[in-house]
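Biologist: I'm new to this structure and would like to learn how to read it. Could you walk me through it, one feature at a time?

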Amino acid sequence: MDRSALGVTVDPVVPLCGGLAGVGLLMLLAGAVTTHVRTGDGLPKLLPAAACAALVAWYLVLLASP
């Protein structure tokens, strides 16, 4: 299991860990999206990474809101 995903999972217990793991996971997924775009992969290969990045970004926005 990816350690970033594990950090996001333990967020209710340790909020700082979840936020930092979310940022790390978002950076990892941004690299995946960039790689898919640069290699000319089609939408079927790009969509899972982009969708996961959007979900993690949404999680971080929810985490930051009061």
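**Reading the model together**

Modeller: Let's start with burial: of the 66 residues in the chain, 21% count as buried. Keep in mind that this is a predicted model.

Biologist: Okay. Which elements does the chain have, and in what order do they run from the N terminus?

Modeller: Going from the N terminus, the order is α-α-α. That comes to three helices and zero strands.

Biologist: Where in the chain is confidence lowest, and where is it highest?

Modeller: First, the general idea: where pLDDT is low, the predicted coordinates should not be read in detail. Here, helix α1 (residues 3-9) has the lowest confidence, with a mean of 63, while α3 has the highest, at 92. For the chain, the mean pLDDT is 84, and 76% of the residues reach 70 or more.

Biologist: Now the inside. Which residues make up the largest nonpolar core?

Modeller: As a general idea, nonpolar side chains in soluble globular proteins tend to be buried together. In this chain, the largest nonpolar core has five residues: Leu25, Leu29, Ala53, Val56 and Leu60. Helices α2 (15-38) and α3 (43-64) each supply at least two of them, and the largest share, three residues, comes from α3.

Biologist: Can we zoom in on one of those? Which residues does Val56 touch, leaving out those up to four places away in sequence?

Modeller: Val56 touches Gly22, Leu25, Leu26 and Leu29. Two of these names, Leu25 and Leu29, you just met in the core.

Biologist: And how much of the contact in the chain links residues 24 or more positions apart?

Modeller: Such pairs account for 44% of the contacts with a separation of 6 or more. As for distance in space, take Leu55 and Leu26: they are 29 residues apart in sequence, and their C-alpha atoms are 9.2 Å apart.

Biologist: Leu55 lies in helix α3. Is Leu55 buried or exposed?

Modeller: Exposed, because its relative accessibility is 53% and the cut-off for exposed is over 50%. Trp58, also a residue of helix α3, counts as exposed too, because it comes in at 54%.

Biologist: Which residues form the nonpolar patch on the surface with those two?

Modeller: Leu62 joins Leu55 and Trp58 there, and the patch has about 350 Å² of accessible area together. Looking at the chain's surface, about 4,700 Å² is exposed, and carbon and sulfur atoms supply 76% of that.

Key:
Residues are numbered from 1 along each chain as its sequence is written. This is a predicted model: local features need pLDDT of at least 70, side-chain atom pairs count only at pLDDT 80 or more; totals for chains, interfaces and linings use all residues. Side-chain values use heavy atoms; hydrogens and water are left out. A nonpolar core is a set of buried Ala, Val, Leu, Ile, Met, Phe, Trp, Tyr and Cys residues joined through side-chain atoms within 4.5 Å. Buried means under 20% relative accessible area, exposed over 50%, partly exposed in between (1.4 Å probe, protein chains only). Helices (H or I, at least four residues) and strands (E, at least two) are DSSP runs, numbered from the N terminus. Contact means heavy atoms within 4.5 Å. Accessible areas come from the Shrake-Rupley method with a 1.4 Å probe; for residues, only the protein chains shown count as cover. Patches are made of residues with over 30% relative accessible area and no salt bridge: like charges are joined within 9 Å, nonpolar side chains (Val, Leu, Ile, Met, Phe, Trp, Tyr) within 5 Å. A salt bridge is a side-chain nitrogen of Lys or Arg within 4 Å of a carboxyl oxygen of Asp or Glu. pLDDT is the predictor's confidence in each residue, from 0 to 100.
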